[in-house]
Amino acid sequence: MLGEFLALQSVRAIISPVKIGVLGATGPAGRGLAARLSDVGFDVLAGSRDVSKAEAVVAELSDMWGDRVSRVKPADNRGACAADVVVLAVQADAALTTSRQLSEELAGKIVVSMANNLVRSGTEFNAVLPPHGSIAKEMQAQLWRSKVVTSFHLVPAAEFVNLDEKMESDVVACGDDEGARITLMEIIRAIPDLRAFDGGSLENAVGMETFAAVMLTVNIRHKVRAGLRFSGI
Ligand SMILES: NC(=O)c1ccc[n+]([C@@H]2O[C@H](COP(=O)([O-])OP(=O)(O)OC[C@H]3O[C@@H](n4cnc5c(N)ncnc54)[C@H](OP(=O)(O)O)[C@@H]3O)[C@@H](O)[C@H]2O)c1
């Protein structure tokens with residue numbers, strides 16, 4: 001208990017100067033996450049393959065939210081890898097290609113995968129998993145000098161950008177490196193109303209990636225927009 005407390009304190013001590021890069025910050029998930037993170041005090045590099053698209057998104061966010069997003073700066077994806085923690089918010093089926101292309105820049109960084117690579121068949125979604133069993137494990141195999149963690153799979157990401165709306169979601173973080181996992185959970189907890197939970201090693205990432213398919217299927221078939229909330233906690 002004391003050990004966990006001390007670990008969290010030391011992470012809190014390093015969290016304030018943490019800069020976060022978001023690759024693919026022109027999509028709904030990336031732009032919203034960038035805005036939320038700025039709103040709670042993180043410096044954010046909003047990346048795109050094309051820096052002019054990132055500049056346009058940062059200008060749009062600034063028109064919407066003014067000073068609340070003043071910590072978001074545009075970059076190309078390579079430039080956004082200069083951050084300490086880099087979130088891959090690119091289109092799911094481009095996550096592994098993007099991480100492979102930027103493996104040098106991502107060396108030594110905490111890399112956050114949020115990719116749900118899903119195919120739709122009628123009213124059902126299914127996860128498409130690579131040879132290592134999950135996108136996150138595949139990414140860790142590619143990025144052997146990085147600390148890959150995985151999260152945000154079940155968050156209705158388009159809601160991130162509505163800074164005045166509560167997110168009210170439980171968010172599970174998985175990763176093989178404990179320090180990286182704790183850092184990610186602290187970042188998640190910095191966003192009001194999100195609760196962060198430790199989901200263990202990257203072995204369990206497959207559970208989150210496939211459960212995203214189940215949750216979307218439930219949402220379609222029951223015509224709802226359900227998210228994840230653990231009971232009893
Ligand atoms: N949307 C959600 O509710 C939600 C929830 C949980 C998790 N996720 C995950 O979050 C990630 C982003 O979701 P999203 O809906 O924002 O994605 P998206 O709109 O499909 O794509 C995001 C960005 O990815 C970049 N991109 C597109 N094709 C690419 C390619 N071939 N190579 C490299 N970059 C490419 C584009 O940015 P540029 O053109 O500017 O480079 C695009 O704006 C996905 O992995 C998704 O599974 C989404």
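Helices (H or I, at least four residues) and strands (E, at least two) are DSSP runs, numbered from the N terminus. Residues are numbered from 1 along each chain as its sequence is written. The model is predicted: local features need pLDDT of at least 70, side-chain atom pairs count only at pLDDT 80 or more, and totals for chains, interfaces and linings use all residues.

**Helix α2**

Start with α2 (28-39). This helix has 12 residues and reaches 16 Å from its first C-alpha to its last. That is close to the expected 16 Å at 1.5 Å a residue; the expected span is 1.5 Å times one less than the number of residues. Just after α2, Gly41 takes a positive phi of about 105°.

The helix is largely enclosed by the rest of the structure, because 11 of its 12 residues are buried. Buried means that 20 or more other C-beta atoms lie within 10 Å of the residue's own; exposed means 12 or fewer, partly exposed lies in between, and C-beta atoms are placed from the backbone. Among the buried residues of α2 are Arg31, Leu33, Arg36 and Asp39. The packing partners of the buried set are β1 (19-23), β2 (43-48), α3 (51-65), β3 (72-76) and β4 (85-88). Contact here means C-beta atoms, placed from the backbone, within 7 Å.

**Ligand shell**

The ligand has 26 residues around it. Gly24, Gly27, Ala29, Ser48 and Ala94 come nearest. A residue is near if its C-beta atom, placed from the backbone, lies within 6 Å. Both α2 and α5 (95-101) supply at least two shell residues each. The largest share, 3 residues, comes from α2. The shell divides into 14 nonpolar, 9 polar and 3 charged residues. Nonpolar covers Ala, Val, Leu, Ile, Met, Phe, Trp, Tyr, Cys and Pro; charged covers Asp, Glu, Lys and Arg; the others, Gly among them, are polar.

**Helix α9**

Helix α9 (residues 205-222) has 18 residues. Its end C-alpha atoms are 26 Å apart, which agrees with the 26 Å it should span at 1.5 Å a residue. Ala205, Met208, Glu209, Ala212 and Ala213 are buried in α9. Their cover includes β6 (118-121), β7 (124-127), α7 (135-142), β8 (147-150) and β9 (169-175). Just after α9, Lys223 has a positive phi of about 50°.

**Positive phi in loops**

Two loop residues other than glycine follow.

| Residue | Phi | Loop | C-beta neighbours inside 10 Å |
|---|---|---|---|
| Phe152 | near 70° | between β8 and β9 | 25, buried |
| Asp193 | near 75° | between α8 (178-190) and β10 (194-198) | 9, exposed |

Key:
Contact = placed C-beta atoms within 7 Å.
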